[in-house]
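Open the model in your viewer and keep the selection tool at hand. We will move from stop to stop, and each stop tells you what to pick.

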Amino acid sequence: MNRLNAAYDEDFHAWTQEQAAELRRAGAERCEHGWRLTIREQRRQLSKRLKQSPSLRPVTVQELARVYAEARADAADESELDLARFPTEPSFTLDQALDPAYPANLFPPEWRV
């Protein structure tokens, strides 16, 4: 009898808790990979548009400030933390936001395109 069957037979409740934890972990990893791919694709699309129409860069810088303010409010609401806990200004530039490997702890250098 393998360890999995033994755990199932010996303590069903503990086994269900272990299985639930594993499913949550696997789901979180899948979601994390998905949002990384989404961010990567959106960065590509925006970079492409800015290369096609460089005059959009100043507008994009302004939009970054606007959407950051919205995202800040959304993050406060979702996390149920006070809005003041979130920086009022982004801690990154437009060029960093478009960098496929920024921030390095989330997007390693091999992700550069």
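This tour covers confidence, salt bridges, a pocket and one tyrosine.

**Stop 1: Colour by pLDDT**

This is a predicted model. Start by colouring it by confidence. The mean pLDDT of the protein is 85. Of its residues, 86% reach 70 or more. Now select helix H1, residues 3–10. Among the elements of the protein, helix H1 has the lowest mean pLDDT, at 67. Then select H3, where the mean is the highest, at 95.

**Stop 2: A link between two helices**

Side chains of opposite charge can pair when their charged atoms come close. How many salt bridges does the count come to? The answer is four.

Select Arg-57 and Asp-95 and show their side chains. They form a salt bridge, and their closest N and O atoms are 3.2 Å apart. Which helices hold the two partners? Arg-57 lies in helix H3, residues 57–79. Asp-95 lies in helix H4, residues 94–98. The two are 38 residues apart in sequence, so this pair ties together separate parts of the chain.

Turn on the surface. Are these two residues buried or exposed? Arg-57 is partly exposed, with a relative accessible area of 35%. Asp-95 is also partly exposed, at 49%.

**Stop 3: A network along H3**

Stay on helix H3 and select Glu-63, Arg-66 and Glu-70. Look at Arg-66 and Glu-63 to begin with. Their closest N and O atoms are 2.5 Å apart, in a salt bridge. Both residues lie in helix H3, three residues apart, which is about one turn of the helix.

Next, look from Arg-66 to Glu-70. Here the side chains meet in another salt bridge, 2.5 Å from N to O. Why is the separation about one helical turn? Because Glu-70 and Arg-66 are four residues apart in helix H3. Salt bridges that share partners join Glu-63, Arg-66 and Glu-70 into one network.

Check the surface again. Arg-66 is partly exposed, with a relative accessible area of 39%. Glu-63 counts as partly exposed at 34%. Glu-70 counts as partly exposed at 43%.

**Stop 4: The largest pocket**

Now find the largest pocket. Its volume is about 550 Å³. Select Leu-64, Tyr-68, Ala-71, Phe-92 and Ala-97. Of the 18 residues that line the pocket, these five are the closest to its centre.

Which elements give two or more residues to the lining? They are helix H2 (12–52), H3 and H4. H3 gives the most, with eight residues.

Colour the lining by class. You should find 13 nonpolar, two polar and three charged residues.

**Stop 5: Tyr-102**

Last, select Tyr-102. You will find this residue in the segment after H4. Is Tyr-102 buried or exposed? At 23% relative accessibility, Tyr-102 counts as partly exposed. The cut-off for buried is under 20%.

Show what surrounds Tyr-102. Leave aside its neighbours within four places in sequence. Tyr-102 is then in contact with Arg-43, Ser-91, Phe-92, Gln-96 and Phe-107.

Pick out Phe-92 from that list. You met Phe-92 at the pocket, among the residues closest to its centre. Draw a distance line between the C-alpha atoms of Tyr-102 and Phe-92. The separation is 9.3 Å, for two residues 10 apart along the chain.

Note on methods:
Residues are numbered from 1 along each chain as its sequence is written. This is a predicted model: local features need pLDDT of at least 70, side-chain atom pairs count only at pLDDT 80 or more; totals for chains, interfaces and linings use all residues. Side-chain values use heavy atoms; hydrogens and water are left out. Buried means under 20% relative accessible area, exposed over 50%, partly exposed in between (1.4 Å probe, protein chains only). On a 1 Å grid over the protein atoms alone, a cavity is a set of points where a 1.4 Å probe fits but cannot get out, and a pocket is an open set with protein on both sides within 12 Å along at least five of seven lines; lining residues have an atom within 4 Å of a point. Grid points are joined across faces, edges and corners, and a volume is the space filled by probe spheres set on the points. Ala, Val, Leu, Ile, Met, Phe, Trp, Tyr, Cys and Pro count as nonpolar, Asp, Glu, Lys and Arg as charged, and the others, Gly among them, as polar. pLDDT is the predictor's confidence in each residue, from 0 to 100. Contact means heavy atoms within 4.5 Å.
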